[in-house]
Amino acid sequence: MTFHKCNCHYIPPHVLGNMAKKGDPAVRQAARTSAQQAKLSREKRGVQAPKVPEMLTGIAMATAPAPVTAAREVYDCQNKWELRVKLARGEGDPEFGDDDVDTVYGYAETVRGYFAELGRNSIDNAGMNLRLNVHVGENYMNAFWDGDEMAFGDGDGQIFTSFAQSLDVMAHEMAHGVTQFTANLDYYSQSGALNEHFSDVFGTAITQYKLNQTVDDADWLIGNEIMGPTLYGEALRSMKAPGTAYDNPLLGKDPQPAHMKDYYNGPNDNRGVHINSGIMNRAFYLAATDQIGTQKAAKIWYHALQNLWPTADFDDAVEIIVESARTLVGDGVVPEGTTQTVRLAFKEVGLPS
Ligand SMILES: [Zn+2]
C-alpha cells in the first residue's frame, strides 16, 4: 500500500478562482498569487511517504489520555514564500511579541491537548513536533498542511484576515495530519470528501471544546473567523446547513449539497472534496445535536477514522462509523441508543446510497 502526503489547503480552489475573476485589481492579484502558490506547494510535494502504522482496522479507543511529548516550533516566515525562515518560539519559550506567533503557539496547545485526551500523542501518535509557520508569503490567502508541517498566510486584511488567528483553521489543518497518519484517505472524490469532512469535524469539535459550547451555542460554521471586513458575516462552510455559508459576487455561492440527491459529480476541486463533504458534515451535525453532543460524536468519528482506509467511500464510512458507535456503546463511552441515532443521521442525508 502506498501512502500519500496530503497537501490540503484551507481555501478551496473554486473560491480563489471566483475571486480571481470577480475581485477588484488588488483582490484579483492576491487571489491569483494565492492560487498559484497553492499549485507550487502541491508540485513541490516530496515523494517520500510518511511512516504510517501498518493495517489500521480494529483499532480500539484508548482508555487513558496520551502523554504530550510533541514540542511546538513556531516559525516567522517574514512574508517570504518559504517555510521555517526563522524559529520565533519553541516549546517553553516566553512570548515572542508577535500576535500571530503567540496566538498559534497557544492554539497548538489546545489542539495537541484535545488529541491527547482522545489518546493520541500528536499528529502521528508518536510525538512528532508541531511545526507551525506564520506570515507565509505576501497577502497569502490560505493555510495548509503539507504532509509535514502547517503554514498560515496573513490574508489580504480585507477579504481574509490572518489565518493564524483562527483556532478552527489550525484544528482543521492539524486534523489533515491526523488523517494522513490514520486512514490516509486519498484526496480525491469521495475519499477526499471524507478527508475534508473529518477535518471539519475536528475543526468544529475543538472550537466548541475550547469555547465550552453546547450544540445550541455553536455556530457550526467553518471559516467565519477569517472573514475580513469585506465579507464580514459570511463563512466558507456550514455544517448545519451546507450550501448557505456564502452567496456574494466575490466568492460566488456556496456549492455544498446537504443530501446525496444533490451530490456533485463534476471534475472541479478534486471531484468535489470541499463540496460533497457537506453531506457528511450535515450527518455529523444531526448526530451531535440528537442528544449525544459534539464531543461524544467526535469520539465516535475519531474511532472510525482509525479504522478507515485510503479508498473508503461514503458508504464504507457510514458502515465503519455505525460500527464505531456500536463499539463505544459497548464500552460505555457513549449512551445506549447512539448507534440508532447515528444511523438515522445518515439516513436523513440519503446514506448509505
Ligand atoms: Zn481541508
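Me: What makes His172, His176 and Glu196 the protein donors of the zinc ion?
Reply: Donors are N, O and S atoms within 2.8 Å of the metal (3.2 Å for Na, K and Ca). NE2 of His172, NE2 of His176 and two OE entries of Glu196 lie 2.1 to 2.7 Å from the zinc ion, so they count under that cut-off. Water is not among the atoms, so sites may look incomplete. This is a predicted model, in which local features need pLDDT of at least 70, side-chain atom pairs count only at pLDDT 80 or more, and totals for chains, interfaces and linings use all residues. Residues are numbered from 1 along each chain as its sequence is written, and side-chain values use heavy atoms, with hydrogens and water left out.

Me: Why is the arrangement around the zinc ion called irregular?
Reply: Four donors count as tetrahedral if all angles lie between 85 and 135 degrees, and as square planar if opposite donors are over 155 degrees apart and all others between 65 and 115; anything else is irregular. Here the four donor atoms subtend angles of 52 to 132°, which makes the arrangement irregular.

Me: What spacing do the donors of the zinc ion follow along the chain?
Reply: The spacing is H-x3-H-x19-E. Histidine 172 belongs to helix α4 and glutamate 196 to helix α5 (residues 189-210), so this pair ties together parts 24 residues apart in sequence. Helices are DSSP runs of H or I with at least four residues, and strands are runs of E with at least two, numbered from the N terminus.

Me: Are histidine 172 and glutamate 196 buried or exposed?
Reply: Both are buried, meaning under 20% relative accessible area, where exposed is over 50% and partly exposed is in between (1.4 Å probe, protein chains only).

Me: Why is the pair of tyrosine 10 and phenylalanine 163 called edge-to-face?
Reply: Rings of Phe, Tyr and Trp (its six-membered ring) pair if their centres lie within 6.5 Å; planes under 30 degrees apart count as stacked, over 60 as edge-to-face and the rest as tilted. The centres of these two rings are 6.4 Å apart and the planes stand at 80°, so the pair is edge-to-face. Tyrosine 10 and phenylalanine 163 are both buried.

Me: What makes β1 and β3 (86-90) edge strands?
Reply: Two strands pair if DSSP finds at least two bridges between them. The open sheet has the order β1-β5-β6-β4-β2-β3, with mixed pairing. β1 and β3 each have a single partner strand, so one side of each is left without a neighbour in the sheet.

Note on methods. Tetrahedral: all angles 85-135°; square planar, octahedral: opposite > 155°, others 65-115°.
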